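Hi,

Here is the structure I promised to pass on. Have a look at it first, and then read on for what turned up.

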Amino acid sequence: MVCARARVGGSGWRRRGAMSPGMSGVYVEGMVGMTVCRFCGGVVEGRGVDYCRGCYYRGATMSESSGACVVIGAMVASLPELVAGASVDHTGGGCFVVSARVVGEPGDVFVYVSEYSAVDDVPSDDHPWIVGVYDFRPDGTTRGVEGRDRDGDVVEYRSVDALMDGIRDAVALYRQGDALDWF
Ligand SMILES: [Zn+2]
């Protein structure tokens with residue numbers, strides 16, 4: 001698992017090459033009050049954070065959360081025949097999921113799981129997760145389906161093991177095809 005925090009750089013004034021005898025009076029001013037992104041080393045635009053906008057939106061910060069780490073680990077360990085390449089994915093609007101490609105499908109089919117819109121907490125009674133599948137169609141459109149029961153309610157999974165079973169069920173449902181209620 002790559003969930004350890006890698007800290008790079010820092011912030012503050014850096015003035016290098018200050019004038020010294022014999023020089024022509026030219027000096028090089030380094031970074032001025034800038035914070036460096038701890039993930040990519042880029043410039044941080046926001047205040048009070050140490051990661052850049054790009055790294056936030058590619059899920060770098062979320063990939064460090066305990067929920068995402070545990071779920072990705074469980075997917076890699078228990079579903080290698082079913083999914084590959086589990087990672088955190090930003091779906092827009094600050095919502096994140098853990099997603100992985102479904103193995104053995106001819107197109108781009110992914111399973112996703114999340115605590116509705118975040119991936120912070122490990123699945124539990126207090127923090128249920130949901131499961132869905134989406135695919136990218138040859139005509140350029142995307143469609144998806146999330147696990148629902150007979151009453152149309154979204155199915156919630158309250159443990160890691162239950163979530164893994166939910167992923168198996170969702171992929172099996174996807175492979176049935178026609179019975180799905182796509183959105
Ligand atoms: Zn960054």
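Let me start with a question: which residues in α2 are buried? The list is G67, A68, C69, V71, I72, A74 and M75. Before going further, please keep in mind that this is a predicted model.

**The helix α2**

This helix runs over residues 66-78. From the first C-alpha to the last, the 13 residues of α2 reach 18 Å, close to the 18 Å expected at 1.5 Å a residue. Its buried residues are covered by elements that include β5, β6, β7 and α3. That leads straight to the sheet.

**The overall layout**

You will find three helices and nine strands in the protein. Along the sequence they come in the pattern β-β-β-β-α-α-β-β-β-β-β-α. Of the 183 residues, 27% are buried. If you look at contacts between residues at least 6 apart in sequence, 43% of them join residues at least 24 apart.

**The five-stranded sheet**

Five strands make an open sheet in the order β5-β6-β7-β8-β9, and the pairing is antiparallel. The edges are taken by β5 (83-92) and β9 (142-146); each has a single partner strand, so one side of each lacks a neighbour in the sheet. On average, neighbouring strands here are turned by 30 degrees against each other, direction ignored.

Going through the pairs:

- β5 pairs with β6 (residues 95-102) in the antiparallel sense over seven bridges, and V88 stands opposite V98 in β6.
- β6 and β7 are also antiparallel, with four bridges; here R101 stands opposite F110 in β7.
- β7 and β8 run antiparallel and are joined by seven bridges, with D135 in β8 as the bridge partner of V109.

Two more details belong with β6 and β7. The hairpin they form has five residues between the strands, and G104 in this hairpin takes a positive phi near 85 degrees. As for β7 itself, five of its seven residues are buried, so the strand is mostly covered.

**Helices on the sheet**

Which strands does α2 touch as it packs on the sheet? They are β5, β6 and β7 (108-114), and the direction of α2 makes about 150 degrees with that of β5. Helix α3 (residues 160-176) packs on the sheet too, touching β5, β6, β7 and β8 (130-136). The direction of α3 makes about 35 degrees with that of β8.

**One residue in a loop: R137**

Between β8 and β9 there is a loop, and R137 lies in it. Is R137 buried or exposed? R137 has 10 C-beta neighbours inside 10 Å, so it counts as exposed, given that the cut-off for exposed is 12 or fewer. Leaving out residues up to four places away in sequence, R137 touches T142 and R143. The C-alpha atom of R137 is also separated by 9.0 Å from that of V109, a residue 28 places away along the chain. That is the V109 whose bridge partner is D135 in β8.

If you only have a minute, I would open the view on α2 and its buried residues, among them V71 and I72, and then turn to β5, β6 and β7, which α2 touches. After that, follow the chain to the loop between β8 and β9, where R137 lies.

Cheers

Methods: Residues are numbered from 1 along each chain as its sequence is written. This is a predicted model: local features need pLDDT of at least 70, side-chain atom pairs count only at pLDDT 80 or more; totals for chains, interfaces and linings use all residues. Two strands pair if DSSP finds at least two bridges between them. Axes are lines fitted to C-alpha atoms, for helices over the stretch in contact, and angles run from 0 to 180 degrees between N-to-C directions. Two residues are in contact if their C-beta atoms, placed from the backbone, lie within 7 Å. A residue is buried if 20 or more other C-beta atoms lie within 10 Å of its own, exposed if 12 or fewer, and partly exposed in between; C-beta atoms are placed from the backbone. The expected span of a helix is 1.5 Å times one less than its number of residues.
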